[in-house]
Amino acid sequence: MSQPVNETPPAPRGIEKAPTGIRGFDEITQGGLPRGRPTLVCGSAGCGKTLFGLEFLVRGATQFDEPGAIVSFEENIEELTQNVASLGFDLDELVAQKKLVIDYVHVERSEIEETGEYDLDGLFVRLAYTIDSIGAKRIVLDTLEALFAALPNEGILRAELRRLFRWLKDRGVTAVITGERGDGALTRRGLEEYVSDCVILLEQRVRERVATRYLRVVKYRGTSHGTNEYPFLVQEDGISVLPVTSLGLTHVASDERISTGIPRLDAMLGGKGLYRGSSVLLSGTAGTGKTSLSAYLVAAACKRGERVLYFAFEESQSQIIRNMRSIGVDLKPYVDGGLLRYQTARPTLFGLEMHLATIHRQVDEFGPSMVVVDPITNFMAIGSELEVSSMLMRLIDFLKSRLITGVFTSLTGGGNALERTDVGVSSLMDTWLLVRFLEGNGERNRGLYVLKSRGMQHSNQVREYVLSERGIELLDVYAGSSGVLTGAARLAQEAKERAEAQLRLQEMERKQRELERKRALLEAQIAAMRAQFEAEEAEMTTTSREHAQFEKELSRDREDLARARHADAARDTTHVHVNLNGGAE
């Protein structure tokens, strides 16, 4: 898994750097501010110069074991302490621990009378004492304008300003010096930026009645640095600088698949669902069911025991939970159980960067495995397409670096091309599901299909997308010679086909019965013929037996006759012989 954004990247070889501990800033500067050298932080009133310097000191004392000192020429100790207490910085505690020293130098022009040559020797003595009192490694001077405001002599001012910067370098402390923005120059005097080793410009702009602060590293001697303009936020825990550029395409891609909670949708996505850590876009016109579909993904994740962070920009938490009950999804138990957290607000409440920073912070605190942003198109109300696209690019890369599945809903205008998004992030999405209305036969029915899903085979079929109290059902649409039919037209066509199928079945049954009748008739005829044949065969057998018996009797009669004849002949022969012996009669 990639490193979190606020980790300090290793500084390149060369100039030594002092990490500020300010989230995102050390990444931009590749390590922090130049150690042992002065840095100028300039900008107009209210842009955060003093806060930048104070956080630099507080982080140094608490995270890097580097005591610090602040010399203020505008605000006294009590004012400074109170101003940063809301950010969680306890200056009194750090002072008590001798990790921080605060020195207020009161400078009032009306009380100053220039009587001779002016120099800063007195200030150097005071600075030296302040630094040595706790062995400070860091120092902040706030602000130069208050110190030099009473000096009309430009030549002396320039000379003393150079001497101040050189004195700080010689002391080896890492210094932050704040200065007011001038007309046509970075500072009022136009000299500080030239004698500083590092110059940071802070600005605050208002666009569409939404204020956004920006930071730019104008100059940084001896090292490379980010030169873009970076939005930054002042939050309850300090400053967050958000790099405009992507975090880099170095995140790990998981092979694990997770269910969407809808079996037929899982089947459309290669049979296994989505890849963990992927980005998913649900787009469609109003009322197509994008939020309902995202609720199923949320419920499926919570059923797996995973945490889900849901950012809603159109509906409240209570309204979403109530509405989802109508389709059989009860999200309240997951909220009560700590698996689901909602963050609801109108997009116009903050600027783009504040929304992004809020998501970063909530992800760090909650540790979700899925983040839902519903919808992303509402950001168009507070930024241009380029700004929104840039913000979402950073958000998507951030989630992927944490292996968090990102689910984004996008509202498509009715007159726009459906296969595009108003915020131009479709190319960043791994899976894109489009829900649209299919009109016909006086009805508007929903249809869902997969526009793309990287790394897996997926269905190219349109499914009818039905929302009911039973939940979400994906049905096969009717596709035939008359086109694609949904809703009542599909039901009518299915009823017609069932009726035709019933008629065909009845006709087949009739023919089957006719065939059975013919078979029975044929079998009866065969049985009759077999009976007749058997009768004739029996008669023939009888006749043959009688004939054999007759032949046998006839043979016996012949034998008896032959024997009879033989006996008669024998008697005749005996009689003749007697007569011959006895004499003739």
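Me: Two strands count as paired when DSSP finds at least two bridges between them. With that in hand for this predicted model, which residue in S20 is the bridge partner of Leu433?

Reply: Strands in a sheet pair through backbone hydrogen bonds, and they can do so in a parallel or an antiparallel way. Here, Leu433 has Val450 as its bridge partner in S20. That bridge belongs to an antiparallel pair: strand S19 (residues 431-440) and strand S20 (residues 443-453) are joined by 10 bridges.

Me: OK, and how many bridges does S20 share with strand S21?

Reply: Two, and S20 and strand S21 (residues 463-468) also run in the antiparallel sense. If you want a residue to click on, take Gly447, whose bridge partner in S21 is Glu464.

Me: Let's go to the nine-strand sheet. In what order do the strands lie?

Reply: Read across it, and you get S5-S4-S6-S7-S3-S8-S9-S10-S11, an open sheet with mixed pairing. Strand S5 (100-104) and S11 are the edges: each has a single partner strand, so one side of each has no neighbour in the sheet. From one strand to the next, the twist averages 20°.

Me: Mixed, fine. Do S6 and S7 run parallel or antiparallel?

Reply: Parallel: strand S6 (residues 138-142) and strand S7 (residues 174-180) are joined by four bridges. Arg138 is a handy marker, with Thr174 as its bridge partner in S7.

Me: And which helices sit on that sheet?

Reply: Look at helix H2 (residues 49-63), which packs on the sheet and touches strand S3 (38-43), strand S4 (68-72), S5, S6, S7, S8, S9, S10 and S11. The direction of H2 makes about 165° with that of S6. Helix H3 (residues 77-85) packs there too, touching S4 and S5, and its direction makes about 130° with that of S5.

Me: Back to the S11 edge. How is S10 joined to S11?

Reply: By a hairpin, through two residues. S10 and strand S11 (residues 238-241) run antiparallel, with four bridges between them. Val234 stands opposite Ile239 in S11. As you trace strands like these, bear in mind that side chains alternate between the two faces of the sheet when a strand is regular.

Me: Now pockets. Where does the largest pocket lie with respect to domain 1 and domain 2?

Reply: Ask who supplies the lining. Domain 1 (17-241) and domain 2 (257-476) both contribute residues, so the largest pocket lies between them. Its volume is about 330 Å³. The lining has 17 residues, and the closest to the pocket centre are Tyr214, Pro231, Leu352, Glu353 and Glu387.

Me: Which element gives the largest share of that lining?

Reply: H14, with four residues. Strand S8 (198-207), strand S9 (210-220), strand S10 (229-235), helix H13 (352-366) and helix H14 (385-401) each supply at least two. By residue type, the lining splits into eight nonpolar, three polar and six charged.

Me: Last topic, backbone oddities. Which residues are joined by a cis peptide bond?

Reply: Check omega. Asp142 and Thr143 are joined by a cis bond, with omega about -10°, and Thr143 is in the loop between S6 and helix H6 (144-148). Asp374 and Pro375 are also joined in cis, with omega about -10°; Pro375 is in the loop between strand S17 (370-374) and H14.

Me: What about phi of Gln30?

Reply: Phi is near 60° there, a positive value in a residue other than glycine. You'll find Gln30 in the loop between helix H1 (25-28) and strand S2 (33-34).

Note on methods:
Residues numbered from 1 in each chain as written. Predicted model: local features only at pLDDT ≥ 70, side-chain atom pairs only at ≥ 80, totals over all residues. Heavy atoms only, no water. 1 Å grid on protein atoms, 1.4 Å probe; cavity = no way out; pocket = protein on both sides within 12 Å on 5 of 7 lines; lining within 4 Å. Points joined across faces, edges and corners; volume = space filled by probe spheres on them. Nonpolar A, V, L, I, M, F, W, Y, C, P; charged D, E, K, R; others polar. Domains from an automatic or database assignment. Axes fitted to C-alpha atoms, helices over the stretch in contact; angles between N-to-C directions. Contact = heavy atoms within 4.5 Å.
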